[in-house]
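Student: Could you take one part of this protein and walk me through it closely? I'm new to this one, so please explain the terms as you go.

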Amino acid sequence: MKKLLFTAAVAVLGFTSVSAQEEAKTFGFAEGDIFVEGMIGFNSTNNKNTEEKTSGFEISPKLGYFISEDLAIGGELSFMSSKEEVAGTDTADYSGFGVGAFARYYFLDLGERFKTFTEFGVGYANQNDKLNDFKVNTIGAGLDLGINYFVTEKIALSFGLKNVLSFATAKADVDGAEAVSEFNLGFGDVANPFGGTANFGILFKL
């Protein structure tokens, strides 16, 4: 009887150990996985020398599909708003939306739950300056860096640095306006509708 109980105990412990190892391997992604991610970013500047202030935010939902264990492709939408003020007087009030496509590559695991990635994206954005009654159309591309922390097997917290390297060209729909191009190595300008700020969010693996 004691031998039987001992054998059963060893079997249970062995099963628990194997299950724990299998569970540890589930943090991350595999070929064919699909994820939904929502990111939000804020920016704010206050230049007391020129009395200029800017503020803005962006919300970006994404949908991605893993074509291999480390590489995902997908699409995203973005909704943004920004304001500019000089000496207490509003000078611009933008709101807009964007659409884009991205490729994300996971290149380093920091333990079992932290997964770091780089992401290249291209997109189009349309912004409307409600104060001055004109629109700005922008086409751009950017390289981002990010990290996911898996809270559970299906849910991860996300942090990203958007547009570490970026290029954008914008044109206002007013008579005589010329296209303006901008290349950034580092953080983009706050007027860049494709970002330039730290982003936080949450990811769901489907």
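Tutor: Let's start with aspartate 129, which sits in strand E5 (residues 114–129). Strands here are DSSP runs of at least two residues, marked E, and helices are runs of at least four, marked H or I, with numbering from the N terminus. Before going further, keep in mind that this is a predicted model, where local features need pLDDT of at least 70 and side-chain atom pairs count only at pLDDT 80 or more, while totals for chains, interfaces and linings use all residues. Residues are numbered from 1 along each chain as its sequence is written, and side-chain values use heavy atoms, with hydrogens and water left out.

Back to aspartate 129. It is buried, yet it has no salt bridge. Buried means under 20% relative accessible area, exposed means over 50%, and partly exposed is in between, using a 1.4 Å probe and protein chains only. A salt bridge is a side-chain nitrogen of Lys or Arg within 4 Å of a carboxyl oxygen of Asp or Glu. The nearest side chain of opposite charge to aspartate 129 belongs to lysine 130, 8.4 Å away. For charge, Lys and Arg count as positive and Asp and Glu as negative, while His and the chain ends are not counted.

So what does aspartate 129 have around it? Setting aside neighbours within four places in sequence, aspartate 129 is in contact with Ala92, Asp93, Tyr94 and Phe134; contact means heavy atoms within 4.5 Å. With Asp93 there is some detail to add: the backbone nitrogen of aspartate 93 lies 3.3 Å from a polar atom of the aspartate 129 side chain. A polar contact is a pair of N or O atoms within 3.5 Å; within protein, one must be able to donate a hydrogen and the other to accept it, and residues adjacent in sequence count only if both atoms are side-chain atoms.

Now stay with strand E5 but move to glutamate 119, where salt bridges do turn up. Glutamate 119 forms one with lysine 62, with the closest N and O atoms 2.4 Å apart. Lysine 62 is in strand E2 (residues 52–66) and glutamate 119 in E5, so this pair ties together parts 57 residues apart in sequence. Glutamate 119 counts as buried at 2% relative accessibility, and lysine 62 does at 10%. Glutamate 119 also meets the side chain of arginine 104 in a salt bridge, 2.6 Å from N to O. Arginine 104 lies in strand E4, so that pair joins parts that are 15 residues apart in sequence.

Arginine 104 has another partner, glutamate 37, again in a salt bridge of 2.6 Å, N to O. That one links distant parts of the chain: arginine 104 in E4 (residues 89–110) and glutamate 37 in strand E1 (residues 34–47), 67 residues apart. Arginine 104 is buried at 1% relative accessibility, and glutamate 37 is buried at 2%. Put the pieces together and you get a network of salt bridges linking Glu37, Lys62, Arg104 and Glu119. The structure holds 5 salt bridges.

How do the strands line up? E4 and E5 run antiparallel, joined by 16 bridges; two strands pair if DSSP finds at least two bridges between them. In that pairing, phenylalanine 102 stands opposite glycine 121 in E5. The two strands form a hairpin with 3 residues between them, and glycine 111 has a positive phi near 80° there.

On the other side of the story, E4 also pairs with strand E3 (residues 71–86), antiparallel over 16 bridges. Here leucine 71 stands opposite tyrosine 105 in E4. E3 and E4 make a hairpin with 2 residues between them, and alanine 87 in the turn has a positive phi of about 55°. Most residues other than glycine have a negative phi. Alanine 87 counts as partly exposed, at 47% relative accessibility.

Finally, step back to the whole chain. The protein chain has 1 helix and 9 strands, and from the N terminus they run α-β-β-β-β-β-β-β-β-β. Of its 206 residues, 33% count as buried. Among contacts with a separation of 6 or more, 58% are between residues 24 or more positions apart.
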